[in-house]
Amino acid sequence: PNEERGVFRSTDGGATWQKVLYTDANTGAMDVTFDPSNAQTVYAVLWAARQAPWEVSGSFLLSANNGLYKSTDGGTTWRKVGAGLPSAPDGLGRIGLGMAPSEPARMYAIVGATRGGGLYRSDDRGEHWSVVNTDPRIWGRDGDFNEVKADPRNADVVYVANVVTWKSTDGGRTFAGWRGAPGGDDYHRLWINPDDPRIIVNASDQGAVITLNGGETWSSWYNQPTAQFYHVITDNSFPYRVYGGQQES
């Protein structure tokens, strides 16, 4: 726990910062996003979570502060929104947000919860939500993924990153595997080129892969010196050598 959690805002290009959204020392801010048609409208997800070194996975704190917050004055004041989303009694965890630039009133959310987890949709700028899909393959492992993105030109084309990256062409009602095999690669973040939605970056544990043709072919992650080391140890040589076991190995 610390006082440096929350949302910070800079109005001078990052030289100085002001904390504008804060609830308590256990609650951090995730997925700060802007309304594509009005930069004064800002959304932020608050999530109470902690990962200790002796835990296999994250420890999620059941907190009434978890949820979706909205500002319409550029982040000066905030209010909690999200009618229809799970709440603290439902075991609400992390929310991942996706905006639809072609229809700015529409938003998607991947919601982790012990009751009511799934993909949700709003058509009134986050005020009210309805559940679209509860398949655990798109929202499972709350906190690890929680990533959803809409095609910049077609609000019904939706991508969700998880163990597999999934694609929907009907607003999230149905999904098909788009990248990766079940039990595969743990995809975490997506970036879609706003000028050419066929160009997509898909970031995973191993690195990043890029498609220039909407997913028909992909670049390799073997051209990047990236790795996550789970354990390291040294030997007794002088100078000593360092050894490590990478993730998934």
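This passage describes a small set of aromatic contacts and one three-stranded sheet in a predicted model.

The aromatic contacts make a good starting point. A pair of aromatic rings is described by the distance of the centres and the angle of the planes. The structure contains 3 aromatic pairs. One of them joins Y159 and W178, whose ring centres lie 4.8 Å apart with 55° between the planes, a tilted arrangement. Because Y159 belongs to strand β13 (residues 158–161) and W178 to strand β15 (residues 176–179), this pair ties together parts that are 19 residues apart in sequence. W178 also pairs with W218: here the centres are 5.0 Å apart and the planes stand at 75°, so the geometry is edge-to-face. This second contact links distant parts of the chain, since W218 sits in the loop between β18 and β19 (229–234), 40 residues from W178 in strand β15. Y159 and W178 are both buried, and W218 is buried as well. Together, Y159, W178 and W218 make up one aromatic cluster.

Elsewhere, a charged side chain meets a ring: K19 lies over the face of Y22, at 4.0 Å from the ring centre.

Turning to the sheet, 3 strands are arranged in the order β16-β17-β18, forming an open sheet with antiparallel pairing. The edges are occupied by β16 (187–192) and β18 (207–211), each with a single partner strand, so one side of each has no neighbour in the sheet. On average, neighbouring strands of this sheet are turned by 20° against each other, direction ignored. Between β16 and β17 (residues 200–204), the antiparallel pairing runs over 5 bridges; Y187 has S204 in β17 as its bridge partner.

Methods. Residues numbered from 1 in each chain as written. Predicted model: local features only at pLDDT ≥ 70, side-chain atom pairs only at ≥ 80, totals over all residues. Heavy atoms only, no water. Pairing = 2+ DSSP bridges. Helix = DSSP H or I, 4+ residues; strand = E, 2+ residues; numbered from the N terminus. Axes fitted to C-alpha atoms, helices over the stretch in contact; angles between N-to-C directions. Phe/Tyr/Trp six-rings, centres within 6.5 Å; stacked < 30°, edge-to-face > 60°. Buried < 20%, exposed > 50% of the residue type's maximum accessible area, 1.4 Å probe, protein only. Lys NZ or Arg CZ within 6 Å of the ring centre and 35° of its normal.
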